Amino acid sequence: MSGTAGGVDRALFFAIVALSLVGVVMVYSASYGYAIEATESRDPGFFLRHHIIRVVLGFMLLVVFTKVREDVLRRLARPLLAGALVLLLLVLVPSPLRVEVRGSARWLRFGYFVFQPSELAKIALIMYLADFVERRGYEIKTFSRGFLPAFIVTGSAVLLVAAEPNIGTAAMLLLIGMIVLFAGGARVAHLGLGFSAALASLVGFMYVTGYNWNRILARLGGATGEGVTYQARQAVIAIGAGGWRGMGPGMGNQKYLFVPDAHTDFILSITGEEIGFIGILGLVALFFVFVWRGLRAARRAPTVFSSLVATGVTMAVAAYFCVSAGVCTGVLPTIGLPMPFLSYGGSSSLILLASCGMLLGVSRRQSTFVNVGRSRLEELAR
């Protein structure tokens with residue numbers, strides 16, 4: 001097939017590799033000052049080594065999942081989601097396994113390995129909804145037999161993540177679930193009703209608990225303490241300092257404990273400071289290639305299941321990129337989300353690259369089978 005190498009989409013694979021390499025460089029640049037300050041060994045390469053190990057393991061998973069058959073993925077969909085929900089419940093129960101950071105319990109420790117169940121929940125939800133839509137067929141357009149059961153499952157995952165508390169990831173889970181159901185043919189009226197109700201519940205949770213509520217008020221112009229907007233202001237300063245061409249790789253100043261979480265949630269700000277507006281445009285172009293080829297694979301997929309998995313993975317990356325960029329530029333409230341491929345992270349890097357393997361697998365299978373998918377994307381493409 002045109003545009004493929006070894007059966008997979010060459011442009012899509014190139015975008016994944018290029019973004020991952022940029023991420024390795026920027027994780028080192030953004031983290032070495034913090035590593036010297038925060039680690040006992042004062043080793044500037046501490047986070048770089050951990051990130052490289054995770055990226056290498058992630059690409060091994062990518063290769064594996066590129067070759068996994070679709071029927072195997074479908075059989076895994078329901079038990080994988082059930083397992084993810086169990087792990088999300090374990091996060092909420094006090095135990096030696098639970099790891100709490102800054103008042104949020106989002107991780108489980110299994111020996112040396114620390115895992116974030118909400119990352120697994122994202123791909124598990126995509127796979128489950130894709131399988132659900134294919135099994136129900138045109139019943140997805142009905143409320144009681146189609147939309148409501150899928151929404152209850154999605155809402156359960158969203159509720160468990162929100163209770164950690166992790167409102168940002170909960171909102172993204174909700175958005176990803178609605179996108180997959182929309183692409184699968186659910187009625188817009190049902191989606192609008194469900195999304196509005198769930199979003200109102202999340203906002204109500206923030207108001208009652210006070211969690212991140214001041215950040216929302218700050219973005220709306222409400223009176224808050226200066227500390228609430230500190231991260232956003234420093235992030236914008238970093239991007240502004242980069243100008244058109246940037247200060248050069250490794251030459252940025254804001255990463256030296258001015259921008260909190262410089263190597264995770266706010267890595268795009270450090271990237272903008274060091275490679276400038278022109279460099280950021282190059283990153284946007286790589287993400288555009290990823291989304292373009294991902295949706296192309298979804299449109300040409302052989303089945304509804306593979307089409308919706310490709311759609312979910314592609315749009316999850318696009319949504320995370322847009323929201324993370326909005327936070328780093330001060331357009332959106334600070335909600336703590338990683339930038340795909342660029343941010344330092346263990347669970348997020350492994351699950352992201354495994355998901356990309358599934359996406360590449362869809363692009364590989366489209367050259368073998370006749371397209372019989374019935375998703376909304378395919379209908380719109382005709």
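Pockets were searched for on a 1 Å grid over the protein atoms alone: a pocket is an open set of points where a 1.4 Å probe fits, with protein on both sides within 12 Å along at least five of seven lines, and its lining residues have an atom within 4 Å of a point. Grid points are joined across faces, edges and corners, and a volume is the space filled by probe spheres set on the points. The model is a predicted one, where local features need pLDDT of at least 70 and side-chain atom pairs count only at pLDDT 80 or more, while totals for chains, interfaces and linings use all residues. Residues are numbered from 1 along each chain as its sequence is written, and side-chain values use heavy atoms, with hydrogens and water left out.

On to the pockets themselves. The second largest pocket holds about 380 Å³ of space. Its lining has 17 residues, and Ile167, Ala171, Leu199, Ile216 and Ile335 lie nearest its centre. Two or more lining residues come from each of helix 6 (167-183), helix 7 (188-209) and helix 8 (213-219), helices being DSSP runs of H or I with at least four residues and strands runs of E with at least two, numbered from the N terminus. Helix 6 has the largest share, six residues. As for character, this lining splits into 16 nonpolar residues, one polar and no charged; here Ala, Val, Leu, Ile, Met, Phe, Trp, Tyr, Cys and Pro count as nonpolar, Asp, Glu, Lys and Arg as charged, and the others, Gly among them, as polar.

The largest pocket has a volume of about 1,600 Å³. It is lined by 48 residues, with Val101, Trp107, Thr264, Tyr344 and Gly345 the closest to its centre. That lining is a mix of 23 nonpolar, 16 polar and nine charged residues. Helix 2 gives the most, six residues, and the elements with at least two residues in the lining also include helix 1 (10-38), strand 3 (98-101) and helix 12 (347-365).

Strand 3 also belongs to an open sheet of three strands, in the order 3-4-5 with antiparallel pairing, where pairing takes at least two DSSP bridges between two strands. Strand 3 and strand 5 stand at the edges with a single partner strand each, so one side of each has no neighbour in the sheet. Strand 3 and strand 4 are joined by four bridges, and Arg98 sits opposite Leu108 in strand 4.
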